[in-house]
Amino acid sequence: MALEGVPSSWANMKVLDQSGARIERSIAELRHLFRQDAQATRRRDARPGLWIAVVIYWLFSFTDLLLVPDVAFQTIQARLAVGVAALAVLEIQLRLQAETKWIDVTCAAAIVFGYLGWLWPTMTSAHTESASYYMVFGTIFMMSANLFFTFDIKFSIVTSTFILSVLFIVNYYFPSPDTYKLVFANFYVSCFAFTSYVNWKLNKERYNVFLNALEAATQHKEATERGHALLRLSRTDPLTGLENRRAIDEKLRQYWNDWHNSGHRFAAMLIDVDFFKGFNDFYGHQDGDRCLVIVASALADLVKQHNGSIGRYGGEEFIVLSRLPDDEQTMALADAIRATVEGLALPHDQRKDGTPVVTVSVGVGVTREHSGAKLERIIHEADRALYLAKASGRNCVWLFDPCDPQSSDERENIAALLKIAISQSLVSLVYQPIQNIASGRIEAAEALMRLKMLDGTPIPPNVFIPVAEQTGAILKLGRWAIKTVCTELLAHDHLAVVSVNVSPIQLKAPGFAASVAAILAETGVSGSRLAFEITEGLEMEIHSDVLRCIADLRRLGIRIWLDDFGTGFAGLSWLRLIEFDLVKIDRSFLHDCGSPKGKMMLQDIISLIRNRGHSILIEGVETNEQKTFARELGIDMVQGFDIGRPVPAAEFLSRWTACERIFPIAKRA
Ligand code: C2E
Ligand code: MG
Ligand code: MG
């Protein structure tokens, strides 16, 4: 059903309710809404409207004095009484928050009583002619009811009809000619008809304006809501519902500014799901997504308890930002994150490390004095720490330590340097003599790698070798070292054997033995003049590939030495599995010999190696006493600063040219 005079589209309309939902409103409801809205307007306009009306009503006192002076005293009294009473009642009503309909009644009563208060005395005036004209002003009261006060249409018609009726009665009884009565009756009715019509039109127009405004407000609110929803969407990760990278980057900036301005320390934690690619490949992407959602929601719950922020940073990577006062509490939260995911016990059968459930590695960066002005730095540091957490076996937590060369920025520089080390001649070898303790002759040398920066600053091997191993640069550098040893030292026949340190990475790399064979063939050096030092270490499982490689190297005549014996955990099983030509005992054992316990320990190690039939070399001989002691212990070879420091090839050759050629240095069982 269409509303009369209103476009049919208004018949029923969708508007927003208080909660913001768009709901359909019936005509009756829309009318009700309109009335409510109109009431509010009337309430607002009542005070100024009545004041204006009363003041004008009072000003007509002058007309009273001019037209009906004999009754002016009464009319003015009536004017004052009605005006003051109406204003007083209205003020009281407004103060008491009276309903709008009672305010309307007051205004209507003011019109009616104002009309009667003026008309009654005027009718009794002796100036009948003036009074008869003056009565025409009664239509002003009718206009007030219909047009001036925006009453509800029915209410204004009732009020104006009352005024019309009184006018009719007065017109009828007032002593005036019939023509006059007829003309004025017509005039009153026309006035009533016109003002009522205009009133009705205005009401309809107001209703239309109200509906238009309602629709405009609805559309505006909807557009705003849509805008907010879009904004929310653009900041949310669709899979997990966490904040996405853009949103969390903004948060990071807030945390950072807060730290700069108020000194609130915070931690950034990068969390990576371990072996997630394997999970996805095996269980499928749907399960992969489900896994991420479960992990995300568990972490979100945990982080909420710590007043932190969490976001999805990338594929299987999450980020947590939290204000924590010290490293201890920071690590406690990081470990809680790790433990939470492990505690979910989501099965993961495809891990390479044998753990049967989904776990995460956590890298933590914290704000420090030296964090500098760039906020990316904290993420960079968290990323470094995450890398190290992954490298140290996963399912663990790592805090970035600026003093640790492995995690510092230096690592990046070194990695870059290693790429150009050979072409730019930044890498070189130095040789440290190895002495046969019985004969006192230098029978061998150990080749040790040196690296310098472009400005010539040296970088210690314990800093650059791990980087070379992690980046794989060790493969190229290792081949270069073997070739350099062959060309710069073994090409001359001054020295029997030169040992080269070989990283486990090289032994695991396919084709390593073949590349060594190619170098030997190219340089014409016999394999028996080379020894490879292998360090026992945690990271080096005795893999079948390694054993096969060692066997291949042996076939080339290359000697295999065990380096730094006693520092790792796997030494004994190594001794059992591999036929070493020589075992180098780590210098720490010799240096611990100051105490009887240390001495006994060294003696035990020596008898153990000897029982296996290997030759023994002790490293780190720094004094003559240590050398004497080594001799007493029946050690075969010694190496250390007392015998000679590592020096470049030319210096080594000039210093040790008197060396005799002695083969072989290693006794085999
Ligand atoms: P390493 O193979 O055990 O080498 C012996 C280290 O002990 C050398 O340190 C040497 O300078 C030092 N040294 C020798 N005599 C003494 C002594 O009397 N007292 C003390 N305090 N130290 C002594 P460097 O050159 O710093 O090398 C450190 C480690 O770096 C080596 O330990 C080795 O594991 C590794 N490295 C060096 N060059 C290479 C290489 O070409 N390839 C690989 N994979 N690793 C290498
Ligand atoms: Mg060595
Ligand atoms: Mg060593």
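Student: Is Lys390 buried or exposed?
Tutor: It's a predicted model, where local features need pLDDT of at least 70, side-chain atom pairs count only at pLDDT 80 or more, totals for chains, interfaces and linings use all residues, and side-chain values use heavy atoms, leaving out hydrogens and water. Residues are numbered from 1 along each chain as its sequence is written; chains are lettered from A and ligands numbered from 1 in the order written. Buried means under 20% relative accessible area, exposed over 50% and partly exposed in between (1.4 Å probe, protein chains only). Lys390 comes out at 18%, so call Lys390 buried.

Student: Which residue does Lys390 form a salt bridge with?
Tutor: A salt bridge here is a side-chain nitrogen of Lys or Arg within 4 Å of a carboxyl oxygen of Asp or Glu. For Lys390, the closest N and O atoms of the pair are 3.1 Å apart, and the partner is Asp274.

Student: How many residues apart in sequence are Asp274 and Lys390?
Tutor: Helices (H or I, at least four residues) and strands (E, at least two) are DSSP runs, numbered from the N terminus. Asp274 sits in the loop between β3 (267-273) and α10 (276-283), and Lys390 in helix α13 (residues 376-391). Asp274 is buried too, with 0% relative accessibility. The pair links distant parts of the chain, and the separation is 116 residues.

Student: What about Arg338 and Glu342: how far apart along helix α12 are they?
Tutor: Their side chains meet in a salt bridge at 2.9 Å, N to O. Arg338 is buried at 13%, whereas Glu342 is partly exposed at 31%. Both lie in α12 (residues 327-344), and their spacing is four residues, about one turn of the helix.

Student: Which residue coordinates both magnesium ions, ligand 2 and ligand 3?
Tutor: Donors are N, O and S atoms within 2.8 Å of the metal (3.2 Å for Na, K and Ca), and water isn't among the atoms, so sites may look incomplete. Around ligand 2, the protein donors are Glu446 (OE), Asn501 (OD1), Glu533 (OE) and Asp563 (OD), at 2.0 to 2.3 Å. The two ions are 3.8 Å apart, and the residue coordinating both is Asp563.

Student: Which strands hold Glu446 and Glu533?
Tutor: The donors of ligand 2 follow the spacing E-x54-N-x31-E-x29-D along the chain. Glu446 and Glu533 are both buried. The pair ties together parts that are 87 residues apart in sequence, because Glu446 lies in β9 (residues 442-452) and Glu533 in β12 (residues 530-535). In that order, then, the strands are β9 and β12.
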